[in-house]
Amino acid sequence: MTSAAGGDLVDLLGALYTCISIIIVFEVLMLQMWLQEALSLDNLAFDVDEQSMVGTLERRRVVERIVRHRAKFPKIQLLALSIGLTAILALAAVLAANIRELPPVFTFGPVVILALTYFGVAGAIWRQGFAILRLAVRRLD
């Protein structure tokens with residue numbers, strides 16, 4: 001492979017890494033908005049628990065809001081982003097394997113790091129958000 005072609009591959013790989021990073025930032029912001037609402041509902045559940053008696057209509061309304069919010073978890077968007085990101089990561093891995101001018105740790109390493117970041121953050125926010133909502137419902141039952 002010539003140096004010019006290798007440089008083009010490096011540029012293309014850099015563009016793919018930029019796309020991957022943008023997708024990860026979008027995903028984190030989307031999930032953070034969902035998590036923020038889960039935290040707000042947890043605070044509301046705490047306040048209602050302190051101020052109202054067991055079995056009141058207000059408590060049931062808050063539980064209904066929590067159940068609705070749990071259903072609003074952006075599964076479809078997350079699935080679509082995951083499929084797109086996996087395809088881009090696979091393409092980046094193929095490109096990284098074809099770049100001979102740089103050591104694999106510099107070309108393939110970011111693929112692994114970005115994949116772990118994406119799926120790690122998504123899993124952590126999902127787990128934390130649903131745990132918060134589960135505890136809020138238990139508090140009100």
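**Salt bridges and a buried glutamate in an all-helix model**

Arg65 counts as partly exposed, because its relative accessibility of 37% falls between the 20% cut-off for buried and the 50% cut-off for exposed. The model here is a predicted one, and Arg65 is a handy way into it. Its side chain meets that of Glu37 in a salt bridge, at 4.0 Å from N to O. Arg65 sits in helix H2 (residues 57-71) and Glu37 in helix H1, so this pair ties together parts that lie 28 residues apart in sequence. Glu37 is partly exposed too, with a relative accessible area of 32%.

The count of salt bridges comes to 3. One of them joins the side chains of Arg139 and Asp42, at 2.9 Å from N to O. This pair links distant parts of the chain: Arg139 belongs to helix H5 (residues 109-140) and Asp42 to helix H1, 97 residues apart. Arg139 is partly exposed at 27% relative accessibility, whereas Asp42, at 17%, is buried.

Arg59 and Asp49 also form a salt bridge, with their closest N and O atoms 3.0 Å apart. Here helix H2 supplies Arg59 and helix H1 supplies Asp49, so parts 10 residues apart in sequence are tied together. This time the arginine is the buried partner: Arg59 has just 3% relative accessibility, while Asp49 is partly exposed at 27%.

Glu27 tells another story. This residue of helix H1 (residues 3-51) is buried yet has no salt bridge. The nearest side chain of opposite charge is that of Arg127, 11 Å away; that pair makes no salt bridge because the cut-off is 4 Å. What the side chain of Glu27 does reach is the backbone nitrogen of Ala122, at 3.5 Å. Setting aside neighbours within four places in sequence, Glu27 is in contact with Leu78, Leu81, Tyr118, Val121 and Ala122.

Stepping back to the whole chain, the secondary structure comes to 5 helices and 0 strands. The radius of gyration is 22 Å, whereas a compact globule of 141 residues would be near 14 Å. The C-alpha trace spans about 75 × 20 × 15 Å along its principal axes. Of the 141 residues, 36% count as buried. Among contacts between residues at least 6 apart in sequence, 86% join residues at least 24 apart. As for the surface, about 8500 Å² is accessible, and 68% of that belongs to carbon and sulfur atoms.

Methods
Residues are numbered from 1 along each chain as its sequence is written. This is a predicted model: local features need pLDDT of at least 70, side-chain atom pairs count only at pLDDT 80 or more; totals for chains, interfaces and linings use all residues. Side-chain values use heavy atoms; hydrogens and water are left out. Helices (H or I, at least four residues) and strands (E, at least two) are DSSP runs, numbered from the N terminus. Buried means under 20% relative accessible area, exposed over 50%, partly exposed in between (1.4 Å probe, protein chains only). Lys and Arg count as positive and Asp and Glu as negative; His and the chain ends are not counted. A polar contact is a pair of N or O atoms within 3.5 Å; within protein, one must be able to donate a hydrogen and the other to accept it, and residues adjacent in sequence count only if both atoms are side-chain atoms. Contact means heavy atoms within 4.5 Å. The radius of gyration is taken over C-alpha atoms; the globule rule is 2.2 Å times the number of residues to the power 0.38. Accessible areas come from the Shrake-Rupley method with a 1.4 Å probe; for residues, only the protein chains shown count as cover.
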